[in-house]
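User: I want to go through the salt bridges here and see how each label is earned. Please set the values against the definitions.

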Amino acid sequence: PAQADRHLATLLACEPGHAEGLLLCGVLCMQREQYEEAEALFARALKAGADRRKCLMGMGMAALGRSYAQGAWERFCEVLADYPDDPEAIHWLLRAGTAQNRWEELSRHLASYVKRNPGDLAVRFALAGVWLRAERIEEARQEREVIQSLDPHFDGLAELEQAIAKQEAMAAVEATER
């Protein structure tokens, strides 16, 4: 890392707006958990012409690192607008959305992704969990059934079934109390 720092410092001293140099500095700041500085470097790198996806992903991860889930959500949505089938962006959007309890919006993004990528069982599983949190039990059950049909041994299926059954039981109790 010290040698990389020296090389980047030399590069940026000669060319302060070097897009890839700024991007790499952002990555180094992320590794050191210097999230504010990393986010600023990724933004500068983006303006300088570095890879848009890498910069936006870095900005989103840095925003999450400094507990700014709203900013992270916005960056990951930008990535998904450009690359709707990006599994890494979906993963990070899930983290940002969960931090903000954005169940309805998150379910739309995940459902759209799963429609185009039906074999991504990890995202299907996450979608089932999001449906449960959004109190949409039937949709959660449908996702669980699809996962079961595609991979009956998928890790977490039994726990998902228990969570669905618990939600159904709570909904039944609430219905009788009305």
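User: What makes arginine 102 and glutamate 105 a salt bridge?

Analyst: A salt bridge is a side-chain nitrogen of Lys or Arg within 4 Å of a carboxyl oxygen of Asp or Glu. The closest N and O atoms of arginine 102 and glutamate 105 are 3.0 Å apart, so the pair qualifies. This is a predicted model: local features need pLDDT of at least 70, side-chain atom pairs count only at pLDDT 80 or more, and totals for chains, interfaces and linings use all residues. Residues are numbered from 1 along each chain as its sequence is written, and side-chain values use heavy atoms, without hydrogens and water.

User: Why is arginine 102 called buried?

Analyst: Buried means under 20% relative accessible area, exposed over 50%, partly exposed in between (1.4 Å probe, protein chains only). Arginine 102 has 15%, so it is buried. Glutamate 105 has 31% and therefore counts as partly exposed.

User: What makes arginine 75 and glutamate 78 a salt bridge?

Analyst: Their N to O distance is 2.7 Å, so the 4 Å rule is met. The two are 3 residues apart in helix H5, which means about one helical turn separates them. Helices here are DSSP runs (H or I, at least four residues), numbered from the N terminus. Arginine 75 is buried at 17%; glutamate 78 is partly exposed at 25%.

User: How do you know that aspartate 82 pairs with arginine 52?

Analyst: Their closest N and O atoms are 2.5 Å apart, so this is a salt bridge too. The pair links distant parts of the chain, 30 residues apart: aspartate 82 is in helix H5 (residues 69-82), arginine 52 in helix H4 (residues 52-65).

User: How many salt bridges does the rule give?

Analyst: The count is 15.
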